[in-house]
Amino acid sequence: MFEVDYKPAVPKNKNLRIGIIGAGEIVRDAHLPAYQLAGFEVVGIYNRTVQRAESVAQQFNIPNVCKTMEELINHPEVDIVDIAVTADLQPKVVELAAKAGKHILCQKPLADTMENAKKIVALGEKYNVKIAINQQMRWAPSIRASHDIISKGLLGELTNASIQVNVLTQFENWPFLKKIKNLEIMYHSIHYLDSIRFLFGTPEYIYADGAKYPDQQVEGETRTLIHMKFPGYARGLVYDNHNNWSTQDDWYATYRFEGTEGIIKGQNGALYNYPFGQEDTIEFTSNKLIKDTWFKPNLEGKWFPHAFIGTMGELMRAIEENREPENSVNDNLLTLKMVYAAYQSMKENRPVWLEEIN
C-alpha cells in the first residue's frame with residue numbers, strides 16, 4: 001500500500017491563543033470544531049449579536065465574550081485574531097488587529113477589490129505581523145494527498161486539472177449573498193481556483209463564463225465554466241453548477257489531475273450527503289510505480305471541518321518558525337487575480353491574462 005502525506009501539520013507548541021470575530025455558521029460548524037480537534041486554545045469571541053456569541057461560547061467553552069471588536073482585539077490573552085466577516089468589512093478589522101500587534105487569519109475572499117486586498121498585505125508589512133488567509137481547501141484530504149503525489153513526481157509532466165461540481169446550494173439562505181453580483185466564483189469556486197493553483201502553479205490566462213438559473217433567488221451567477229491555460233502543455237477546468245434540483249444521490253463533486261506518467265481522481269466528500277458530508281476518496285495510477293495499477297489510499301477527515309486545522313496550524317507554524325505562511329495574504333493575491341480575471345472574462349467574452357489584473 002502506497003502511503004500519502006496529507007494530514008494538516010500543527011505547531012510544536014500550541015501556546016498561541018485565538019480570539020474569533022464572528023459567530024456565524026462557518027465559525028460554529030468549521031472553525032471551532034477544527035480547533036477543538038487540533039487542541040488549539042480559543043480564549044475569546046465577538047459578534048455584533050451578543051446572544052449568538054454567548055451561545056457559541058457556551059457550546060465550545062470559550063471563556064470571554066467581548067462586547068466590542070476592539071475589546072476582543074486588545075484582549076491581553078489573544079495572540080491571533082481569527083476573522084470571520086464579509087469581505088467588505090475585513091480591511092477595517094485587519095487594520096485594528098495589525099495596529100494592536102496581533103497575528104491574523106483572514107476570511108476568504110480576502111477583500112472586495114484588489115486595491116483593498118493590497119492594503120491588507122501592506123498592513124501586515126507595516127506592523128510586522130503575520131497575516132494568512134483561510135483558503136482551507138488546500139488542506140482538504142484529497143487536495144493535500146494529490147499535492148503529495150504530484151510533488152513526488154509520480155504524475156510526470158502535468159497536463160490537465162479538472163474539478164467538477166453539480167449540486168444544489170441555496171445561496172439565498174445567507175442574507176449577505178442575496179444581493180452580491182459576483183457570487184459563485186467569489187464565494188465558492190475561489191476554493192477550486194486556489195486548489196488548482198496550489199497543485200499546478202499560476203495560470204497565464206483565464207477564460208470564463210458565468211450564468212444565472214431561471215427564477216433564482218440571488219442576483220449573482222450560480223453556475224460557471226472556467227478554463228485555465230498554464231505555461232506549456234497544462235490546462236485546467238472548473239465546472240460548477242449549484243442548481244441541481246434532483247435528489248442528492250444525483251449530486252457529484254469530483255476532481256481529476258493528469259500528467260504524462262500518472263492520473264489522480266476522486267471525490268470531494270464534503271459535498272456528498274450535505275451538510276453532513278463524507279470522507280474524501282482518492283485513487284491514482286503512476287507508470288513510475290507499477291504500470292496499469294490503481295492505488296486507493298484511505299483518507300481520514302473532510303474539507304469541513306478538518307481542513308480548517310491546516311489554515312490556522314500553518315499560520316501558527318509560520319509564527320513559530322518566523323517565516324511567511326504558505327497561505328499568506330501576499331500569496332493569495334494571485335488567487336484573487338484569477339477570480340477577477342474570470343469576472344473580466346465573463347464581462348468581455350475573451351481570455352484575460354492575469355498580468356492585466358492590477
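In this predicted model, A318 touches K130, R323, E324 and P325 when residues up to four places away in sequence are not counted. A318 is found in helix 8, which spans residues 307–321, and at 0% relative accessibility A318 counts as buried. With respect to N116, A318 lies 202 residues apart in sequence and 24 Å apart in space, taken from C-alpha to C-alpha.

R323, one of the residues that A318 touches, also takes part in a salt bridge, in which the side chains of E314 and R323 meet at 2.8 Å, N to O. Of these partners, E314 is buried, with a relative accessible area of 5%, whereas R323 is partly exposed, with a relative accessible area of 24%.

The structure as a whole holds 20 salt bridges. Side chains of opposite charge can pair when their charged atoms come close. Another such pair is formed by E204 and K229, whose side chains meet in a salt bridge at 2.5 Å, N to O. E204 lies in the loop between helix 7 (184–200) and strand 8 (205–211), while K229 lies in strand 9 (residues 223–229), so the pair ties together parts that are 25 residues apart in sequence. With a relative accessible area of 25%, E204 is partly exposed, but K229 is buried, with a relative accessible area of 17%. A further salt bridge joins R350 to E356, with the closest N and O atoms 2.8 Å apart; R350 counts as partly exposed at 27% relative accessibility, and E356 likewise counts as partly exposed, at 32%. Elsewhere, R138, R144, D194, R197, E326 and D331 are joined into one network by salt bridges that share partners.

K229 also has a place in the pairing of strands, since Y205 stands opposite K229 in strand 9. Strand 8 and strand 9 pair in the antiparallel sense, over 7 bridges. These strands belong to an open sheet formed by 9 strands in the order 14-13-12-11-7-10-9-8-15, in which the pairing is mixed. The edges of the sheet are strand 14 (294–295) and strand 15 (352–353), each of which pairs on one side only. Strands of a sheet pair through backbone hydrogen bonds, either parallel or antiparallel. Helix 6 (residues 141–151) lies across four members of the sheet, namely strand 7 (158–166), strand 11 (252–259), strand 12 (262–267) and strand 13 (281–286), and the helix runs at about 15 degrees to strand 13.

Helix 2, comprising residues 50–60, has as its buried residues A53, V56, A57 and F60. Seen down the axis of helix 2, these buried residues fall within an arc of 105 degrees, so they line one face of the helix. On the other side of helix 2, by contrast, Q51 and Q58 are exposed. The buried residues of helix 2 pack against helix 1 (25–38), strand 2 (41–46) and strand 3 (64–65). Just after helix 2, the backbone at N61 takes a positive phi of about 55 degrees.

Helix 1, against which the buried residues of helix 2 pack, contains I26. With a relative accessible area of 32%, I26 is partly exposed, and I26 touches H31, A84, Q107, F304 and F308, again without counting residues up to four places away in sequence. I26 and I357 are separated by 331 residues in sequence and by 30 Å in space, C-alpha to C-alpha.

Helix 9 (residues 329–348) was examined for its length and burial. At 1.5 Å a residue, the 20 residues of helix 9 should span 28 Å, and its end C-alpha atoms are 28 Å apart, which agrees with that expectation. The buried residues of helix 9 are V329, N332, L333, T335, L336, M338, V339, Y340, A341, A342, Y343 and S345. Just after helix 9, N349 takes a positive phi of about 55 degrees, a value also given for N61 just after helix 2.

How values were computed. Residues are numbered from 1 along each chain as its sequence is written. This is a predicted model: local features need pLDDT of at least 70, side-chain atom pairs count only at pLDDT 80 or more; totals for chains, interfaces and linings use all residues. Side-chain values use heavy atoms; hydrogens and water are left out. A salt bridge is a side-chain nitrogen of Lys or Arg within 4 Å of a carboxyl oxygen of Asp or Glu. Helices (H or I, at least four residues) and strands (E, at least two) are DSSP runs, numbered from the N terminus. Buried means under 20% relative accessible area, exposed over 50%, partly exposed in between (1.4 Å probe, protein chains only). The arc is that of the directions from the helix axis to the C-beta atoms. Contact means heavy atoms within 4.5 Å. Two strands pair if DSSP finds at least two bridges between them. Axes are lines fitted to C-alpha atoms, for helices over the stretch in contact, and angles run from 0 to 180 degrees between N-to-C directions. The expected span of a helix is 1.5 Å times one less than its number of residues.
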